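Colleague: I am new to this structure, and I would like to see how its labels are earned. Could you show it to me and then take my questions?

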Amino acid sequence: MARAAGPKLGLLLLALLPLLPLPAARSSRPDLLYISEYFSQSAQKLSFYSWYGNARLFRFHVPEDTVLLRWLLQASKGKGPECTSMEITIHFRYGAPPVINPLGSRFPSNATVRPSYNQTMTLSTTLQNSSFVNITTPAAGDWFIAVHLPEAAGKIEVKGFSTPCTYLFQPDMFVLRLIDVPVLEPDTPLQLTIASPARPLHVKIFIPEYTATLQFTLRSCAENSTKTCAVRLVLGSITLPRSFQKTVQCTGRANCSLVLDSPPWEKWLQIMAENLGPANTSVSVEMKASFTACKPGSTSSFLNFYNSLNQSQSTPALGGGPSASTAGTVGNTTLPTASTANGASNPETFCLQNHLVIREDLDVASVRFRVLNGPSVSVHSEFPTLLLFNLNTGMDSGGTLVVDLLLNETSLSIGNASVTACVSAASPVLTLNATPNCSTAFFQGYPLNMTASSPEATLIIPYPETDNWFLSLQLVCPWGQGECNKGKAKVTVSTYLTPCFDDCGTYGQCSLLRRHGYLYAGCNCKAGWGGWSCTDDTKAQSVGSQNLATLLLTLSNLMFLPAIAVALYRFYLVEASVYTYTMFFSTFYHACDQPGVAVMCIMDYDTLQYCDFLGSVVAIWVTILCMARVKKILKYVLFVLGTLLIAMSLQLDRRGIWNMMGPCLFALIIMIVAWVYHGVKRRHCYPPTWKRWVFYLTPGIVLALVALSVYAFMETNDNYYYTHSIWHMLVASSVAFLLPPCDKHKKAWTWPQKLTCRYQICNNDREELYAVT
């Protein structure tokens with residue numbers, strides 16, 4: 001539990017106020033107690049939204065038997081003038097991270113997305129704001145909160161040049177849970193009393209596997225010993241973004257009942273009974289629940305399962321990996337009998353056909369499901385075919401579930417029949433021919449359909465909920481099941497969990513994100529592409545635009561050629577080498593840095609980036625020191641020492657503005673001191689000629705200032721290709737103007753004269769010797 005002080009302590013007390021009396025309060029049974037718990041996570045800095053990695057994710061675990069959940073949402077901003085009014089968007093989801101779409105982009109085809117539940121908070125005049133979110137009878141398990149600022153403006157901010165406003169967000173969770181909740185046993189009546197309308201009654205019942213229906217009955221309802229009562233029953237827990245709680249009003253009737261089809265398997269079902277009568281009235285009720293089981297049949301034998309495991313261990317792992325592990329079976333399947341092993345089960349003894357599925361863990365959020373004796377499965381008209389995919393590890397919800405189905409047209413015994421499929425979580429749909437909307441008691445499934453004319457079906461589910469997922473298939477005829485009697489078909493099933501669908505395509509990069517110990521994946525799109533999997537080409541750049549951008553950013557570095565020529569002509573060999581180095585690595589760094597298909601990398605990207613940044617800063621450093629006209633020995637010492645210090649600072653932080661401004665300012669100080677020294681010594685303004693000021697220094701300084709303004713204030717993501725190319729040309733042109741002329745006593749390109757004295761001595765010696773002889 002985090003410590004609280006000042007205003008936060010008041011908010012904590014305000015949030016806990018409805019919960020504080022409850023730990024000591026008792027329900028209608030004397031052995032029941034409510035206890036409250038508090039969970040907190042550290043605040044995170046918010047970012048403007050451009051892709052899912054900009055959203056800040058929080059993960060909370062709600063314990064079992066929680067009857068009240070309250071979130072305290074706190075947001076704050078900095079005090080500077082750059083901190084304007086801001087709207088913060090908060091998304092909630094149960095079981096998996098929220099699937100959000102703030103930019104309104106398109107999802108991949110065949111992807112099924114349900115909008116997340118969200119709220120907004122506004123930071124206007126106040127520096128802090130807080131809000132509460134209350135949820136009664138929440139589902140136990142993982143709850144996720146994703147928070148982000150509005151869409152990013154796209155301006156490229158130079159680090160250290162401007163101070164962005166800091167927006168912080170911190171959620172705290174308070175839960176009220178019940179100790180020793182009464183358990184309702186199947187086919188066993190349970191007599192209970194609701195003491196008052198202020199104290200609802202909570203009961204739970206465990207749903208076993210292969211439960212087809214649950215019938216719940218409330219009877220013998222009496223209010224203060226009378227035979228009439230008013231009771232509201234709520235079955236199930238609240239989940240976001242959509243809740244499927246079932247509510248029944250038992251008013252004026254002695255008995256009422258509710259039938260649930262396909263309740264969640266192997267889970268506790270929460271039941272809440274509320275007294276709707278007047279205050280200080282008690283209600284006695286009798287509850288009873290009964291199940292209808294669906295006996296499974298299996299087409300896989302233990303021997304086949306053992307042989308399949310041996311084959312999977314002897315074959316290479318998927319993707320060339322040395323050890324893609326087989327995690328075992330998915331789901332609980334009954335041991336088959338001898339007749340089941342031969343596929344000769346009697347259809348009259350079971351209501352579904354169960355296929356064994358193997359789960360193979362390949363990597364983080366990367367799982368392959370393999371049907372034993374598959375990949376094809378038989379689909380019948382009398383009963384559904386069921387496959388179970390285990391996504392209940394707690395770490396699978398950060399990927400994308402993909403289900404590919406292919407109907408074998410030749411196996412379809414009835415031409416006008418179709419194969420209906422349904423993908424659902426927690427429990428399967430067992431009556432596909434009678435459930436057209438593909439829904440279970442507490443989950444809306446994802447329907448699929450295959451016919452002879454359209455034999456393929458694909459389903460993409462981003463961030464699937466943490467649960468057991470089921471695939472139900474059944475043969476359906478348009479004129480009734482009597483027409484499909486004894487019909488069957490073959491369907492090939494390919495199901496896998498991947499971090500990013502299609503690896504984010506050509507114009508995206510799949511990034512693995514982390515929040516504490518939880519890992520999830522997201523696509524970072526490039527070249528104007530957008531969408532969840534970078535499939536939205538609404539704002540995409542054409543290939544011609546990508547080629548033009550690459551040519552601009554690379555060929556603009558050729559403007560260093562005049563600077564190199566001037567440096568060589570004036571015998572500045574070290575400076576010319578630095579400019580050549582800068583031109584080379586800037587060209588190939590930008591050729592590798594392109595987001596589209598026009599990319600060429602001659603080295604590792606990180607190496608090219610470091611060399612480009614290093615060359616740029618060192619080029620400015622040596623140019624200003626060359627303008628200072630200090631002694632050669634001192635100049636070269638400063639060249640080497642400055643380059644070493646610049647290399648160190650860039651290793652610490654490449655994008656900091658002071659990595660460029662620091663050497664520039666220090667070199668300018670040296671230049672000004674040297675020019676003042678020369679001016680005092682000569683008793684004349686330095687540089688001495690007005691032509692040098694008018695035709696060289698003034699244009700060079702203007703070009704450098706314009707280049708700096710473009711680099712610091714005008715670059716955005718949309719115009720980066722043009723503005724940064726202008727930066728290249730302006731900086732390179734300014735260097736050609738700013739380089740000082742060579743010394744008066746030294747003529748340009750007089751390299752042979754450097755050896756004149758030594759050659760003359762040798763020549764004189766030879767002549768002298770010749771004369772002596």
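Modeller: Gladly! Let's start with leucine 668, which counts as partly exposed because its relative accessibility is 33%, and the label applies between buried (under 20% relative accessible area) and exposed (over 50%), with a 1.4 Å probe and protein chains only. A word on the source: this is a predicted model, where local features need pLDDT of at least 70, side-chain atom pairs count only at pLDDT 80 or more, and totals for chains, interfaces and linings use all residues. Residues are numbered from 1 along each chain as its sequence is written, and side-chain values use heavy atoms, with hydrogens and water left out.

Colleague: Where is leucine 668 placed, and what kind of surface patch does Leu668 help to form?

Modeller: Leucine 668 is in helix H9, residues 658-682. With Trp658, Leu665, Ile672, Val676 and Val680, Leu668 forms a nonpolar surface patch of about 590 Å² accessible area together. Members of such a patch have over 30% relative accessible area and no salt bridge, and nonpolar side chains (Val, Leu, Ile, Met, Phe, Trp, Tyr) are joined within 5 Å, while like charges are joined within 9 Å. A salt bridge would be a side-chain nitrogen of Lys or Arg within 4 Å of a carboxyl oxygen of Asp or Glu.

Colleague: Why is aspartate 396 called buried?

Modeller: Its relative accessible area is 4%, so aspartate 396 is buried. Aspartate 396 lies in the loop between strand E25 (385-391) and strand E26 (400-408).

Colleague: What makes the pair of aspartate 396 and threonine 393 a polar contact?

Modeller: Their side chains come to 2.7 Å, and a polar contact is a pair of N or O atoms within 3.5 Å, where within protein one must be able to donate a hydrogen and the other to accept it, and residues adjacent in sequence count only if both atoms are side-chain atoms.

Colleague: How do you know that E22 and E23 pair?

Modeller: Pairing takes at least two DSSP bridges, and six join strand E22 (residues 357-363) to strand E23 (residues 366-371), which run antiparallel. Isoleucine 358 stands opposite arginine 370 in E23.

Colleague: What span is expected for helix H7?

Modeller: The rule is 1.5 Å times one less than the number of residues. H7 (residues 605-628) has 24 residues, and its 35 Å from first C-alpha to last is close to the expected 34 Å. H7 is also mostly covered, with 19 of its 24 residues buried.

How values were computed: Helices (H or I, at least four residues) and strands (E, at least two) are DSSP runs, numbered from the N terminus. Accessible areas come from the Shrake-Rupley method with a 1.4 Å probe; for residues, only the protein chains shown count as cover.
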